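Reader: Please take a close look at one part of this model and work outward from there. I would like to know what sits around that part and how the rest of the chain is laid out.

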Amino acid sequence: MHYLLFYDVVPDYVDRRVPLRAAHLAHAWAAADRGELVLGGALADPPDGAVLLFKCDSPGPVETFATSDPYVTNGLVARWRVREWTTVAGETAHNPIRKL
C-alpha cells in the first residue's frame with residue numbers, strides 16, 4: 001500500500017529548521033533504507049508544508065515516523081496527517097489499472 005504523510009508547518013519553519021535539518025534528514029534516510037519512505041520533500045512557493053510518500057502494509061510505520069521526526073517533536077510541524085493513497089498508474093502503482 002501507499003500512504004502519504006502531509007505536514008503543515010509553522011510560519012517560521014524555514015528559519016527554525018536549520019539546526020534540526022541534519023537530524024530530520026537522517027530520520028528520513030533511515031526510513032528510506034528500511035524500504036518504507038519512497039520520496040519526501042518540502043513544498044515550495046510558499047514553503048508551507050511537506051509531503052512524504054511511504055510504501056508499507058499499514059499506516060503504523062508512517063505514524064511512527066511522524067511522531068519521532070525531529071521537526072514534529074520540536075514544534076516545526078503544526079499539523080500532520082496520514083492518508084492511504086490508491087495508486088493505479090505508473091510502474092510502482094500498488095493497484096495498476098491499464099484498462100477498464
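**A buried aspartate and its surroundings**

Author: Asp69 is buried, with a relative accessible area of 0% (buried is under 20%, exposed over 50% and partly exposed in between, with a 1.4 Å probe and protein chains only). The model is a predicted one, in which local features need pLDDT of at least 70 and side-chain atom pairs pLDDT 80 or more, while totals for chains, interfaces and linings use all residues. Numbering starts from 1 along each chain as its sequence is written, and side-chain values use heavy atoms, leaving out hydrogens and water.

Asp69 belongs to the loop between α3 and α4 (helices are DSSP runs of H or I with at least four residues, strands runs of E with at least two, numbered from the N terminus). Leaving aside residues up to four places away in sequence, Asp69 is in contact with Tyr7, His24 and His27 (contact means heavy atoms within 4.5 Å). With His24 there is also a side chain to side chain polar contact of 2.9 Å (N or O atoms within 3.5 Å, one able to donate a hydrogen and the other to accept it within protein; sequence neighbours count only through side-chain atoms on both sides). Leu25 lies 44 residues from Asp69 along the chain, and their C-alpha atoms are 9.3 Å apart.

Tyr7, which Asp69 touches, leads to the largest nonpolar core, where Tyr7 is among the residues with the most contacts, together with Leu5, Leu52, Phe54 and Phe65. That core has 21 residues (buried Ala, Val, Leu, Ile, Met, Phe, Trp, Tyr and Cys joined through side-chain atoms within 4.5 Å). The elements giving two or more residues to the core are β1 (2-9), α2, β3, α3 (60-68) and α4 (70-73). Strand β1 provides the largest share, four residues.

Phe54, one of those core residues, touches Met1, His2, Tyr3, Leu5, Glu36, Leu37, Val38, Val62 and Phe65, apart from residues up to four places away in sequence. Among these partners is His2, a residue of strand β1. His2 has 5% relative accessibility and therefore counts as buried. The His2 side chain makes a polar contact of 2.7 Å with the side chain of Thr87. Beyond four places in sequence, the residues that His2 touches include Leu53, Phe54, Lys55, Arg83, Trp85 and His94.

A second aspartate sits in another setting. Asp45 is in the loop between β2 and β3, and with 76% relative accessibility Asp45 counts as exposed. Its phi is positive, about 50°, although Asp45 is not a glycine. The peptide bond between Asp45 and Pro46 is cis, with omega about 10°, and Pro46 lies in the loop between β2 and β3. Most residues other than glycine have a negative phi, and most peptide bonds are trans.

As for the chain as a whole, there are four helices and four strands, in the order β-α-α-β-β-α-α-β along the sequence. Of the 100 residues, 33% are buried. The C-alpha atoms fill a box of roughly 50 × 30 × 20 Å along the principal axes. Counting contacts between residues at least 6 apart in sequence, 68% join residues at least 24 apart.
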